[in-house]
Amino acid sequence: MDEPQSKYRSPLTDRYASDEMSFIFSDRNKFETWRKLWLILAEAEKELGLDITDDQIQELRDNVSNIDWKMASDEEKRLRHDVMAHVHTFGAVAPSAAPIIHLGATSCYVGDNTDLIVMRDGCRVLSRKLALCCHALSKFAMEYKDMPQLGYTHFQPAQLTSVGKRACLWLQDFLMDFSLLGDIEAKIRFRGVKGTTGTQASFLELFNGDHIKVEELDALVTKKANFTSKFTVTGQTYTRKLDSMIVNALCGIGSTVNKFCSDIRLLASQKEIEEPFEKSQIGSSAMPYKRNPMRSERCCSLARHLIGLSASPMHTHANQWFERTLDDSANRRIVIAEAFLTADILLNTTRNIMLGLVVYPKVIEKHILEELPFMATENLLMAMVKAGANRQECHEKLRVLSQEAGRNVKENGGRNDMLDRIRADEYFSPIHSQITDLLSPSNYIGRSPHQVESFVNEEVLPSIEGHREYFGDEAPKLNV
């Protein structure tokens with residue numbers, strides 16, 4: 001039973017997530033960060049006059065990565081307290097510093113501050129990946145800004161749009177997520193050194209009632225942790241309202257990806273646009289011809305999971321009593337990590353899809369021509385009026401021909417032959433020579449190309465400029 005396959009393992013990390021995000025939420029990163037926080041606390045306390053030696057500081061620094069995982073596990077089983085288990089484990093390899101580890105602090109000094117560091121780092125990774133998705137989709141939109149495509153409302157054929165203009169609808173959502181995540185990241189402040197109920201009483205005791213030194217300690221530790229701001233007031237924990245805000249921003253990424261990938265799945269069904277399909281990829285174990293949109297389906301599946309996480313941090317925040325209760329802990333261990341890991345997976349997979357999208361112009365054109373004769377009736381009507389026809393009489397003739405053509409499609413399974421009917425009707429002879437020009441699909445996409453250019457050049461590219469160094473066309477590698 002010692003083999004890894006004999007225990008449940010999360011598919012988020014085993015199958016899908018990037019090494020980068022997996023490390024951010026790893027035990028190695030978490031507990032080394034705890035030790036770094038104990039180190040900077042001791043450094044700051046020494047700098048402000050407490051009796052801590054250079055040798056003690058050096059011993060802590062030398063052993064930040066020297067973690068005895070078995071001892072930590074055994075100590076937690078014995079003490080039923082994860083922070084004290086790691087205080088003892090750190091002290092065992094830094095014995096001279098053991099008496100000053102965690103001096104004046106409460107468990108949330110390492111727990112909450114580490115969570116804030118991890119979430120800040122996670123937001124930065126996701127912001128970069130959102131920018132890369134925006135860049136990939138903006139290139140696609142510009143490439144296909146002029147290509148007409150059938151638009152849909154209610155999933156019924158409507159007026160034409162362009163392939164690039166539709167891509168801008170997806171792109172706009174990703175850009176909104178990028179902007180929101182940047183705003184949320186800016187709200188992540190350091191908890192700092194606040195003590196058991198947030199009053200800093202323990203640190204006031206350490207510094208013999210010197211309020212100035214306590215304020216200096218809070219500011220110094222914040223600076224050493226590479227934060228520019230800290231919470232002015234906390235209970236034992238920073239407000240769990242922040243967790244809710246962060247996770248809900250990530251859930252927004254889930255809804256954006258789900259919308260994009262659902263549209264790709266529909267387009268794949270129509271054989272107009274497909275996600276990349278590798279040479280040796282198998283679509284179905286039973287049907288060899290299948291080209292299932294597996295990546296998009298995976299994204300929709302995981303997006304559903306991510307969106308479902310949105311309520312949990314709200315309940316956690318709502319049920320925190322007074323300065324804190326511990327019923328937040330187990331929930332947060334699961335929800336926060338899963339939200340970041342899932343968002344990471346979605347953005348990696350989505351960008352992989354974006355960079356490999358396959359467009360089939362002939363199929364797109366075929367679908368347009370099946371509907372365009374109906375859409376063009378108003379233009380045909382105007383052309384006839386210009387040629388001297390009676391508007392009402394022409395309208396009735398077009399109505400009759402439209403119904404006949406529609407009946408041929410629906411009842412006989414035939415093609416839309418309305419243009420043939422118009423060409424065969426002598427009444428429309430004044431415009432027979434104009435029909436081809438009147439039905440050019442590019443005449444029916446409105447300002448789509450101009451809208452794409454304006455949106456990409458004026459909104460998208462300036463917003464993501466700060467991530468230019470990461471731009472490229474190499475698709476993220478997927479494990480499966």
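1. In this predicted model, Phe260 has a relative accessibility of 0% and therefore counts as buried. Its ring partner is Trp170, which at 3% relative accessibility counts as buried too.

2. After these two burial values, the geometry of the aromatic rings can be taken up. A search of the whole structure finds 12 aromatic pairs, and one of them is formed by Trp34 and Trp38, whose rings meet edge-to-face at 6.1 Å centre to centre with 75° between the planes. The rings of Trp170 and Phe260 have their centres 5.1 Å apart and their planes at 85°, and because planes over 60 degrees apart count as edge-to-face, this pair is edge-to-face. The pair links distant parts of the chain, with Trp170 in helix 8 (residues 163–186) and Phe260 in helix 11 (residues 241–269), 90 residues apart.

3. Trp34 and Trp38, by contrast, both lie in helix 3 (residues 27–47), where they are four residues apart, about one turn of the helix; both are buried. They also belong to one aromatic cluster, together with Phe31, Trp69 and Phe90.

4. Trp38 is also touched by Val87, which, with residues up to four places away in sequence left aside, contacts Ile101 and His102 as well. Val87 lies in helix 6 (residues 82–93), and its relative accessibility is 10%, so Val87 counts as buried. Between Val87 and His102 there are 7.3 Å from C-alpha to C-alpha, at a sequence separation of 15 residues.

5. Two arginines are placed over tyrosine rings: the charged end of Arg240 sits over the ring of Tyr238, 4.7 Å from its centre, while Arg128 lies over the face of Tyr470, at 5.2 Å from the ring centre.

Conventions. Residues are numbered from 1 along each chain as its sequence is written. This is a predicted model: local features need pLDDT of at least 70, side-chain atom pairs count only at pLDDT 80 or more; totals for chains, interfaces and linings use all residues. Side-chain values use heavy atoms; hydrogens and water are left out. Helices (H or I, at least four residues) and strands (E, at least two) are DSSP runs, numbered from the N terminus. Buried means under 20% relative accessible area, exposed over 50%, partly exposed in between (1.4 Å probe, protein chains only). Contact means heavy atoms within 4.5 Å. Rings of Phe, Tyr and Trp (its six-membered ring) pair if their centres lie within 6.5 Å; planes under 30 degrees apart count as stacked, over 60 as edge-to-face and the rest as tilted. A charge sits over a ring if NZ of Lys or CZ of Arg is within 6 Å of the ring centre and within 35 degrees of the ring normal.
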